[in-house]
Amino acid sequence: VQLQASGGGLVQPGGSLRLSCAASGSIYSINAMRWYRQAPGKQRELVAVISSGGSTNYADSVKGRFTISRDNAKNTWYLQMNSLKPEDTAVYYCNADLKKTFWAGISNYWGQGTLVTVSS
């Protein structure tokens, strides 16, 4: 199983970016899908999570600006980031709890990260 994050880049303050994470390989089902971020010199933090049923939760710092969504048919989830601020600059990582087969337990997987830089 591989998680491939994409969509990062350089954006001016107030701008928008959309991150994508595509899961590939032997996948039976994906439960929770998450986005984390890690800024230079800081610990990795949870940004947003979406459950298999579509329930979402966000870090207080991004509420009202970021939206997480998922496309179950494509095993892909997204993070729409609006009104970006310099403090949103970080490497963004996707993460998921998934089952590889019907009989398998739930395992946690990480993507490789994509850099988001918010600067004028």
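This passage describes the nonpolar core, a surface patch and the setting of one serine in a predicted model.

The largest nonpolar core comprises 31 residues. Within this core, the residues with the most contacts are Trp35, Trp77, Leu79, Met81 and Tyr92. Eight strands are named as suppliers of at least two core residues each: β1 (2–6), β3 (17–24), β4 (29–38), β5 (45–50), β7 (66–71), β8 (76–81), β9 (90–99) and β11 (114–118). Strand β9 gives the largest share, five residues.

Leu79 illustrates the packing in this core. Residues up to four places away in sequence were not counted. On that basis, Leu79 touches Leu17, Arg18 and Leu19. Leu79 also touches Trp35, Val47 and Ala48. Further contacts of Leu79 are Phe66, Thr67, Ile68 and Tyr92. Two of these partners, Trp35 and Tyr92, are themselves listed with the most contacts inside the core.

Nonpolar side chains also appear at the surface. Tyr28, Phe102 and Trp103 make a nonpolar surface patch of about 470 Å². Of these residues, Phe102 lies in the loop between β9 and β10 (107–110).

Ser6 was examined separately. Ser6 sits in strand β1. Its relative accessibility is 35%, so Ser6 counts as partly exposed; the class spans values between the buried limit of 20% and the exposed limit of 50%. With neighbours within four places in sequence left aside, Ser6 contacts Arg18, Leu19, Ser20 and Thr114. Arg18 and Leu19 are also touched by Leu79. Gly25 is 19 residues from Ser6 along the chain, and the C-alpha atoms of the two are separated by 17 Å.

Notes: Residues are numbered from 1 along each chain as its sequence is written. This is a predicted model: local features need pLDDT of at least 70, side-chain atom pairs count only at pLDDT 80 or more; totals for chains, interfaces and linings use all residues. Side-chain values use heavy atoms; hydrogens and water are left out. A nonpolar core is a set of buried Ala, Val, Leu, Ile, Met, Phe, Trp, Tyr and Cys residues joined through side-chain atoms within 4.5 Å. Buried means under 20% relative accessible area, exposed over 50%, partly exposed in between (1.4 Å probe, protein chains only). Helices (H or I, at least four residues) and strands (E, at least two) are DSSP runs, numbered from the N terminus. Contact means heavy atoms within 4.5 Å. Patches are made of residues with over 30% relative accessible area and no salt bridge: like charges are joined within 9 Å, nonpolar side chains (Val, Leu, Ile, Met, Phe, Trp, Tyr) within 5 Å. Accessible areas come from the Shrake-Rupley method with a 1.4 Å probe; for residues, only the protein chains shown count as cover. A salt bridge is a side-chain nitrogen of Lys or Arg within 4 Å of a carboxyl oxygen of Asp or Glu.
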